[in-house]
Amino acid sequence: MREFRTLFGLAAAAALLAGSAQAAPAKSAPWTVRREQVAAEARFLASDALQGRGSATRDEAIAAAYVASQFESLGLTPAPGQAGFFQTAKVIKPRLQGEAKVRIDGVEVAGAQLLIGPMGDVGGKAVVFAADDVMTMPAADVVISTSKASPLVVGQTAMSKQVKLLILKESFLTKGLYAAQGGTDMASYLEGQPQGVRTAVATLPAEAFERLAAHPGASVELKLPPMTQETATTTNVIGYLKGRDPKAGTLLISAHLDHLGVRPNGTIMHGANDDASGVVAVIELARAFTGGKPPKRSILFIGYGSEEIGKYGSTWFAAHPAVPLADIVANIEFEMIGQQDPKLPKGALFLTGSERSTLWAALKAHGAPVTADSDPAQHYFERSDNWPLAQAGVVAHTIAGWTTTPTYHQASDTFESLDLPFMTGAIQSMVAPLRWLADSDFRPVWAAGGRPPP
Ligand SMILES: [Zn+2]
């Protein structure tokens with residue numbers, strides 16, 4: 001990162017020289033993001049004390065309270081019309097009281113495991129999907145996938161295609177997921193929000209799977225055991241910086257507070273990169289923006305709850321926004337900026353869905369080191385809190401340092417795994433471009449075909 005810091009120093013020196021040569025009014029000094037501050041905030045959020053900030057838990061609420069106290073100390077206020085810094089929503093977490101059963105042509109299959117539960121019993125005629133290109137998956141009710149693509153990508157695609165039941169062959173990976181998640185508690189939903197189709201994912205032992213894959217058209221049913229319901233509260237923290245011009249619109253800078261909590265075996269999933277790093281970016285950008293003259297546009301700084309179990313905090317916010325959605329000029333979510341993809345040039349960051357709007361080019365033109373989406377086929381644009389806002393029409397993207405880092409959703413995502421010089425530089429590199437956006441009249445718009453269907 002030394003190279004990047006040197007470049008930044010040269011740019012600052014050049015700006016100062018240009019200023020003095022023209023005898024222009026003194027510009028405020030460039031803001032410096034301090035590594036000590038970045039480290040301190042990340043270390044607290046990713047500490048054992050916060051127990052992995054499980055979605056819709058007290059630990060998530062403590063993270064929200066911490067961020068609110070930072071916001072208040074910086075001089076942010078609650079958003080207009082909000083009583084305080086918090087916005088809460090109810091999450092319903094059904095628990096299966098027993099094992100789900102899979103039946104093929106009426107006969108129960110031994111050894112089936114439910115990885116992701118549906119809202120109720122599902123079934124239909126088996127359609128076999130064998131291609132490597134997941135985008136060619138048929139939008140059938142029941143898909144038996146023999147594709148060589150990663151099961152995670154196959155699952156994501158099945159969800160986007162509204163498949164009701166996806167059946168995979170049992171593997172080392174699926175057994176690990178089942179052991180980690182218990183197969184009993186994944187069908188949570190947000191109270192009061194319409195629920196789209198939820199794709200259930202089940203695995204079959206190899207022999208039963210091969211038999212089914214050889215018989216497309218077989219009738220497949222997934223039967224759930226009795227369920228109980230727990231209600232939990234998820235917390236968003238929302239800070240507001242009032243701009244100079246009420247008609248200029250509002251920027252939304254966000255990240256998610258929550259991570260995966262504690263595994264049934266007691267392992268704390270610290271989520272330092274995912275997404276304590278993004279929350280640190282939100283706090284440090286709030287610090288940068290409150291450290292100088294107020295921007296022309298107002299800015300909302302948000303830490304969302306319950307991203308990991310279905311983007312519930314951002315979904316709730318998009319349905320109950322603190323300012324009218326039409327006033328939100330752009331949203332940038334910060335996700336996993338604590339490590340850099342080694343394939344990127346030094347200091348560069350990914351912008352998910354980069355081709356979908358005019359924001360990417362504008363940010364680049366104003367010095368943001370943002371490159372194209374690392375891999376649109378992975379649907380990163382749809383996989384973070386920018387997505388519910390984008391579905392509601394707001395030009396909304398996510399910035400990340402490395403989308404497929406080896407620590408992704410692993411116990412190794414700890415404070416020690418963070419690259420603090422890169423992370424500090426990443427936040428620093430966005431200060432001036434976002435300052436430009438906050439002071440400008442530029443309104444990004446969707447590119448043709450870029451706006452997601454509502
Ligand atoms: Zn995340």
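Buried means under 20% relative accessible area, exposed means over 50%, and partly exposed is whatever falls in between. Keep those cut-offs handy, and keep in mind that this is a predicted model.

**Stop 1: Arg 244**

Select Arg 244. With a relative accessible area of 42%, Arg 244 falls between the two cut-offs, so it counts as partly exposed. You'll find Arg 244 in the loop between strand S11 (227-241) and S12. Now show what surrounds it. Leaving aside neighbours within four places in sequence, Arg 244 is in contact with Lys 293, Pro 294, Pro 295, Lys 296 and Asp 439. Add Arg 297 to the selection as well: its C-alpha is 6.4 Å from that of Arg 244, though the two are 53 residues apart in sequence.

**Stop 2: the zinc ion**

Next, click on the zinc ion and show the side chains around it. Which residues coordinate the zinc ion? They are His 256 through NE2, Asp 274 through OD, and Glu 335, which is listed twice through OE, at 1.9 to 2.7 Å. Along the sequence, the donor residues follow the spacing H-x17-D-x60-E. His 256 sits in strand S12 (residues 250-256), while Glu 335 is in the loop between strand S14 (328-334) and strand S15 (349-351), so this pair, 79 residues apart, links distant parts of the chain. Both His 256 and Glu 335 are buried.

If you check the angles, expect 52 to 153° among the four donor atoms, which makes the site irregular. For reference, ideal angles at a metal are 109.5 degrees for four tetrahedral donors.

Stay with Asp 274 for a moment and select Asp 275 too. The peptide bond joining Asp 274 and Asp 275 is cis, with omega at about 0°. Asp 275 belongs to helix H7, and that helix is where we go next.

**Stop 3: H7 and its partners**

Color helix H7 (residues 272-290) and helix H2 (residues 35-45). Their axes are 9 Å apart and the packing angle is about 135°, so H2 and H7 are oblique to each other. The crossing is right-handed. To see the interface, show Gln 37, Val 38, Glu 41, Ala 42 and Leu 45 on the H2 side, and Ala 276, Val 279, Val 280, Ile 283, Glu 284 and Arg 287 on the H7 side.

Zoom in on Glu 41 in helix H2. Is Glu 41 buried or exposed? At 3% relative accessibility, Glu 41 counts as buried. Not counting residues up to four places away in sequence, Glu 41 touches Tyr 66, Gln 70, Val 280, Ile 283, Glu 284 and Arg 287.

Tyr 66 and Gln 70 lead you on to helix H3. Select H3 (residues 58-74) alongside H7: the angle here is about 10° and the axes are 10 Å apart, so the two helices are roughly parallel. On the H3 side, Tyr 66, Val 67, Gln 70, Phe 71 and Leu 74 meet Val 279, Val 282, Ile 283, Ala 286, Arg 287 and Thr 290 in H7.

**Stop 4: H2 against H11**

Go back to H2 and bring up helix H11 (residues 420-439). These two pack at about 110°, with axes 10 Å apart, so H2 and H11 are roughly perpendicular. Arg 35, Val 38, Ala 39 and Ala 42 in H2 meet Leu 420, Pro 421, Met 423, Thr 424 and Ile 427 in H11. Pick out Arg 35 and Thr 424: they are 389 residues apart in sequence but 5.7 Å apart in space, C-alpha to C-alpha. Arg 35 counts as partly exposed at 37% relative accessibility.

**Stop 5: H4**

Select helix H4 (residues 151-160), where Val 153, Val 154, Gly 155, Thr 157 and Ala 158 are buried. The buried residues of H4 pack against strand S6 (142-145) and strand S7 (165-169). Just after H4, look for Gln 162, which takes a positive phi of about 60°.

**Stop 6: two more positive phi values**

Finish with two loop residues. Asp 105, in the loop between strand S2 (101-104) and strand S3 (107-108), has a positive phi near 45°. At 54% relative accessibility, Asp 105 counts as exposed. His 379 has a positive phi near 60° and lies in the loop between strand S16 (370-371) and helix H10 (386-391). At 11% relative accessibility, His 379 counts as buried.

Key
Residues numbered from 1 in each chain as written. Predicted model: local features only at pLDDT ≥ 70, side-chain atom pairs only at ≥ 80, totals over all residues. Heavy atoms only, no water. Donors = N, O, S within 2.8 Å, 3.2 Å for Na, K, Ca; no water. Tetrahedral: all angles 85-135°; square planar, octahedral: opposite > 155°, others 65-115°. Helix = DSSP H or I, 4+ residues; strand = E, 2+ residues; numbered from the N terminus. Buried < 20%, exposed > 50% of the residue type's maximum accessible area, 1.4 Å probe, protein only. Axes fitted to C-alpha atoms, helices over the stretch in contact; angles between N-to-C directions. Parallel < 35°, antiparallel > 145°, perpendicular 65-115°, else oblique. Left-handed = near helix turned anticlockwise from the far one by under 90°. Contact = heavy atoms within 4.5 Å.
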